[in-house]
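New to this one? Here's a quick look around, with the sequence and structure to hand.

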Amino acid sequence: MKILMLGWELPPHNSGGLGVACYQLCQALSKQNVDIKFVVPHSGHTPVDFMDIVPTSSNLASDTVLYSSYDVSNISHNGSWPSEEFMDQHEHYARTVSEIVQNTDIDIIHAHDWLTLKAGARAKLLSGKPLIAHVHSVESDRAAGNYGNPYVREIERLGLMQADKIIAVSEHTRRIISKDYDIPLDKIEVVHNSIDVNMLEPRSNDNVYTYLQVMQQQGYKVVSSISRLTVQKGLTNLLQAAAKVIEKQPKTFFLIVGSGEQYTELIELAAQLGISKNVLFTGFLRGQKWRDAFSIADLFVMPSVSEPFGLTPLEAAAYGAPSLISKQSGIAEVFNNALKVDFWDIDEMANQIVSVLQHDSFQETLSQNAEEELTGHSWENSAIKLKNLYEHHKGIAV
């Protein structure tokens, strides 16, 4: 089974969970005897033994402006956007994929998210091979329920209509795809994301957040949130809930990890709420600092307004932190040992945070149960489901 996989990012050059999900899914597919040629818009990736990574540009990722799905979606369509640089990058990717598909023996084209749908649709027309569109997020998701960028929506709409099958990472995403683009539900299959805990670095013996460790020894608690700082992630609601938590539990720190266009807005909001001394903003992190932000947490919170899936609660469980997650998320469909709250219910969010912070036995039970449940999560079932879809569509004339 030969798959031409189209993606916009892979670790270590990724802006979020999309690249991680693509990498781990492909690794699981390779164990099902699936031969993958993965096309990315830049070079600089370490070769792997389970797939062939093909860059469409010789530029190293570190030297190239790479736009994530959210970067384009977030900026208003005001005549100056999309930028010429992005348009050139997007068109070059599609053009190179067209060349690859005419000189490569493949069975299926598998495109991840809207940034590759244009290339996928062209490849389908040129090759006559079936196109599978894998949706990790929808434009209205990234715009927190709003219309979003019309340029993005048009590409998304046309690509999804031309796809022979659509993969959604959750039932939550499946319903949104159908609603936004009037696509029959039977064309959309749910294949949940998962996690490969063996790929995670082990917990550190020495946590880098020594200040927070010292404060924990003095009775303080730490609540972490790790995400892009965007409207989709619901962090303004979290800060409003934080003010209520701190009023009841003054010895609480909120550790906010990530970068994004809301960075300054969130700092200003913390100041307006009078909780600046209790909120720490780290910016974007990788490596041990990222891992230790989970490990230091007495509770991890994912308050997303709309989250197609959301891997971070599983990562939190791997590093020993219990989670409070938004009910408006895909992970809520498959992760049982986490507290769940409506993203808009600030009072209930605050109440649940306080209940964990005030009861050590409750926190410990949540953490242990989440870690045990994590052992049942793997990419194997998702890979098997995808391979069956490949087999079904292989050889179908387009």
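What follows covers two nonpolar cores and one pair of packed helices.

## Before you start

Keep in mind that you're looking at a predicted model.

## The largest core

Let's begin with the largest nonpolar core, which has 35 residues. Within this core, the residues touching the most other members are Leu-6, Leu-160 and Ile-177. Helix 3 (84-102) gives the largest share, six residues. Other elements also chip in with at least two residues each, including strand 1 (2-6), strand 4 (108-112), helix 4 (114-127), helix 6 (150-162) and helix 7 (171-181).

So what does Ile-177 contact, leaving aside its neighbours within four places in sequence? The list runs Val-135, Val-138, Leu-160, Ile-166, Ala-168, Asp-182, Ile-183 and Ile-188.

## Another core

Apart from the largest core lies another one, made of 34 residues. Met-215, Val-257, Ile-296 and Ile-325 are among them.

## Two helices that cross

Now have a look at helix 9 (residues 235-248) and helix 13 (residues 346-358): their axes are 8 Å apart, and they pack at an angle of about 50°. That's why helix 9 and helix 13 are oblique to each other. Their crossing is right-handed.

Which residues of helix 9 make the contact? They are Asn-237, Leu-238, Gln-240, Ala-241, Lys-244, Val-245 and Lys-248. On the helix 13 side you'll find Ile-346, Asp-347, Met-349, Ala-350, Asn-351, Ile-353, Val-354, Leu-357 and Gln-358. Sorted by class, this contact between helix 9 and helix 13 has nine nonpolar, four polar and three charged residues.

Conventions. Residues numbered from 1 in each chain as written. Predicted model: local features only at pLDDT ≥ 70, side-chain atom pairs only at ≥ 80, totals over all residues. Heavy atoms only, no water. Axes fitted to C-alpha atoms, helices over the stretch in contact; angles between N-to-C directions. Helix = DSSP H or I, 4+ residues; strand = E, 2+ residues; numbered from the N terminus. Parallel < 35°, antiparallel > 145°, perpendicular 65-115°, else oblique. Left-handed = near helix turned anticlockwise from the far one by under 90°. Contact = heavy atoms within 4.5 Å. Nonpolar A, V, L, I, M, F, W, Y, C, P; charged D, E, K, R; others polar. Core = buried A, V, L, I, M, F, W, Y, C linked by side-chain atoms within 4.5 Å. Buried < 20%, exposed > 50% of the residue type's maximum accessible area, 1.4 Å probe, protein only.
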